[in-house]
2 protein chains.
Amino acid sequence: MPDTQSPTRKRIIDAATRLFYAEGIGRVSVDAIAEKAGLTKRTLYYHFKSKDDLIAAYLDGRDQPNLQQIAGWFDAAQGGADRKVEAIFSNLARVARHPKWKGCGFLRTAAELASMPGHPAVKVGSRHKSNFETWLAGELSGHDIKEPQALAREIVLLIDGCFSIMLIHRNPDYIEAAGRAAATLVRARSRNND
Amino acid sequence: MPDTQSPTRKRIIDAATRLFYAEGIGRVSVDAIAEKAGLTKRTLYYHFKSKDDLIAAYLDGRDQPNLQQIAGWFDAAQGGADRKVEAIFSNLARVARHPKWKGCGFLRTAAELASMPGHPAVKVGSRHKSNFETWLAGELSGHDIKEPQALAREIVLLIDGCFSIMLIHRNPDYIEAAGRAAATLVRARSRNND
DNA sequence: TTATGTATACCGACTAGTGAATATACACAA
DNA sequence: TTGTGTATATTCACTAGTCGGTATACATAA
């Protein structure tokens with residue numbers, strides 16, 4: 001049984017992460033990942049039992065980094081909950097301008113695997129999105145919001161709407177619009193707005 | 001030059017539509033489409049110069065049907081703008097329960113083609129989404145809304161957020177939540193709510 | 001000896017796209 | 001009416017390459 005902490009395994013996931021995110025899981029071959037990682041395909045298959053497993057490992061490795069990036073933006077923003085939520089969107093608009101930005105890897109993978117709803121990678125994505133929603137609800141509950149869980153879900157919908165529509169229009173104006181909508185929803189549920 | 005109105009061409013697009021939507025563009029081979037259409041691959045390549053062209057034709061054929069389905073839901077709903085908008089979401093939740101439902105073909109195609117932003121199919125998708133946003137803004141402007149275009153964009157973001165997140169969680173509750181959020185945004189911009 | 005890790009070489013199935021031939025239909029001239 | 005030319009539409013057989021995955025062998029270390 002291969003060592004799940006091995007540096008070789010990590011090298012493979014790093015290579016897979018860069019290629020899968022840049023090109024999409026269907027357009028990247030196992031050969032290409034092995035070459036990028038500087039080893040042979042047979043070695044890759046020693047550490048992962050299938051490409052599907054590797055896809056799930058790729059997303060699993062993005063769970064915490066992605067979550068903590070957004071948490072960092074939220075924490076750093078000044079002001080009330082509406083301003084902190086809006087900061088998520090303005091930072092998103094900033095990074096989305098980078099030419100290498102290709103949307104949300106979790107959503108893109110789920111879109112590619114739409115015909116395989118039980119795929120392990122989709123489950124990893126589902127867990128990640130739930131983690132994020134739960135984290136956001138927790139943050140909002142400290143800001144005098146009436147129904148923090150319902151609000152968190154609405155904001156998540158706007159964030160994922162941004163990710164998707166940006167891949168079609170490539171126009172960051174949509175992210176700004178989503179940020180304003182999110183702020184409106186926050187204020188609609190703020191206690192001091194009664 | 002092939003006839004762009006030919007019934008054979010239509011048969012090919014019909015077959016492509018069913019397969020591409022069910023499996024995703026990357027998982028469907030040109031051979032499979034030809035077989036489904038009941039002709040040979042060489043004939044398919046007489047009518048379309050490449051698979052990429054066929055993908056664009058598939059989405060182009062979905063523009064009006066998709067738009068008119070949602071317009072039908074909107075028109076049939078009773079009540080003010082908030083109720084009509086909410087009707088879009090409740091109908092969406094209904095059809096999303098069907099086992100063959102696989103999200104929005106435009107968004108899924110854009111996700112698969114994220115590494116090729118100038119792909120003709122992405123342009124067709126962009127035009128479709130703009131058409132929808134424009135139609136919705138027009139409808140809203142007849143309902144005493146302050147900034148119908150800005151509101152239409154916010155609702156579009158919620159709709160596309162539903163499409164995406166549904167592929168991850170497969171839980172229609174998210175669509176209901178989006179509907180309530182949309183209704184909140186509508187009321188926030190209604191003149192009679194000042 | 002046994003477990004872990006890596007390499008070369010290969011498999012059968014599938015991929016998008018093409019070359020060459022042919023079937024069909026209609027126009028026009030003898 | 002018959003023969004010929006031409007554009008459209010279709011088929012069979014094929015190319016050159018890629019796909020995920022594996023059989024076999026070898027090295028190193030406990």
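**Two protein copies and a DNA strand**

Colleague: How do the residues of the surface near DNA strand D divide into nonpolar, polar and charged?
Modeller: Keep in mind that this is a predicted model. There are 18 residues around DNA strand D. They divide into seven nonpolar, six polar and five charged.

Colleague: Which helix gives the largest share of that surface near DNA strand D?
Modeller: Two helices each supply at least two residues: helix H3 (41–47) of chain A and helix H3 (41–47) of chain B. With four residues, the largest share comes from H3(B).

Colleague: Which residue has a side-chain N or O atom 2.3 Å from a base oxygen of DNA strand D?
Modeller: Let's start with the residues that come nearest to DNA strand D: Lys41(A), Tyr45(A), Lys51(A), Thr43(B) and His47(B). One of these has a side-chain N or O atom 2.3 Å from a base oxygen, and that residue is Lys41(A).

Colleague: How far is a polar side-chain atom of Thr43(B) from a phosphate oxygen of DNA strand D?
Modeller: Chain B offers two threonines to look at here. For Thr8(B), a polar side-chain atom lies 2.8 Å from a phosphate oxygen of DNA strand D. For Thr43(B), the distance from such an atom to a phosphate oxygen is 2.5 Å.

Colleague: What kind of axis relates the two copies?
Modeller: Chain A superposes on chain B, with an RMSD of 0.0 Å, after a rotation of 180° and 0.0 Å of shift along the axis. The two copies are therefore related as by a two-fold rotation axis.

Colleague: In chain A, which residue has the C-alpha nearest the axis?
Modeller: Look for a C-alpha 1.8 Å from the axis. In chain A, the nearest one belongs to Gly161(A).

Technical notes
Residues numbered from 1 in each chain as written. Chains lettered and ligands numbered in written order. Predicted model: local features only at pLDDT ≥ 70, side-chain atom pairs only at ≥ 80, totals over all residues. Heavy atoms only, no water. Near = heavy atom within 4 Å. Polar contact = N/O pair within 3.5 Å; in protein donor to acceptor, adjacent residues only side chain to side chain. Nonpolar A, V, L, I, M, F, W, Y, C, P; charged D, E, K, R; others polar. Least-squares fit on C-alpha atoms with pLDDT ≥ 70 in both.
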